[in-house]
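Please open the model in your viewer and keep the selection tool at hand, since this tour moves from one charged pair to the next.

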Amino acid sequence: MRREITIKEVIFRLQTYEQFSAEETVKYQELKEKWEKVNAEYHTNLYARANLQDTNKGTPERRDLFHTLELHEELFAEILRDINYELQRLYNERQIYKRIRCCYSSLVGNEREIILNRYIKSKPYKEVLSDFKGSQRTFERVRNSALEKIRDRFNSFASDAEIVKSSEKGDVDL
């Protein structure tokens, strides 16, 4: 399923890119360490199961131990599924931020400057407007046009490479 993005989300993603990047690195490291720990415990559990293969098969203690090991294996498998789900979710988020930044980088001139100062550097509206060489109406038109281009390019079927190439060639319509 293809995901469409709104201008409001474009603004949010532009404003939170740096924060996301920092948090993503920490979250990824935590998930990696958790995965390694659970995976090691799972393999230890398998080793214990293998060692039980030689014990007397009919004893209640052996059945109880096997049952306990099976419960642990189910628990480990569930935890690993949760970790993999979180890793996939984090990867998908990263792809959204990456595509937004790619679409932003395809902007040129005043559009790029306004988006950079207003949303990425988080300068106040009045400061960005005062740096702009033109009227407030023109400023708003350029700002809205830039946000719409980012949204439209994000929502297009063009690859990230095609978006960047089109901006280098001067093809703005994808």
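The stops below follow salt bridges and then one serine.

This is a predicted model, in which local features need pLDDT of at least 70 and side-chain atom pairs count only at pLDDT 80 or more, while totals for chains, interfaces and linings use all residues. Residues are numbered from 1 along each chain as its sequence is written, and side-chain values use heavy atoms, with hydrogens and water left out.

A salt bridge here is a side-chain nitrogen of Lys or Arg within 4 Å of a carboxyl oxygen of Asp or Glu, and by this rule the count comes to nine.

Select Arg 13 and Glu 9, whose side chains form a salt bridge at 2.8 Å, N to O. These two residues are four apart in helix 1 (residues 7-52), and so are separated by about one helical turn; helices are DSSP runs of H or I with at least four residues, numbered from the N terminus. Both are buried, a term for under 20% relative accessible area, where exposed is over 50% and partly exposed lies in between (1.4 Å probe, protein chains only).

Add Glu 93, which also forms a salt bridge with Arg 13, with the closest N and O atoms 2.7 Å apart. Because Arg 13 lies in helix 1 and Glu 93 in helix 2 (residues 60-105), this pair ties together parts that are 80 residues apart in sequence. Glu 9, Arg 13 and Glu 93 are thus linked in a network of salt bridges.

Next, select Lys 98 and Asp 160, whose side chains meet in a salt bridge of 3.1 Å, N to O.

Finally, go to Ser 145 in helix 5 (residues 136-155), which is partly exposed at 23% relative accessible area.
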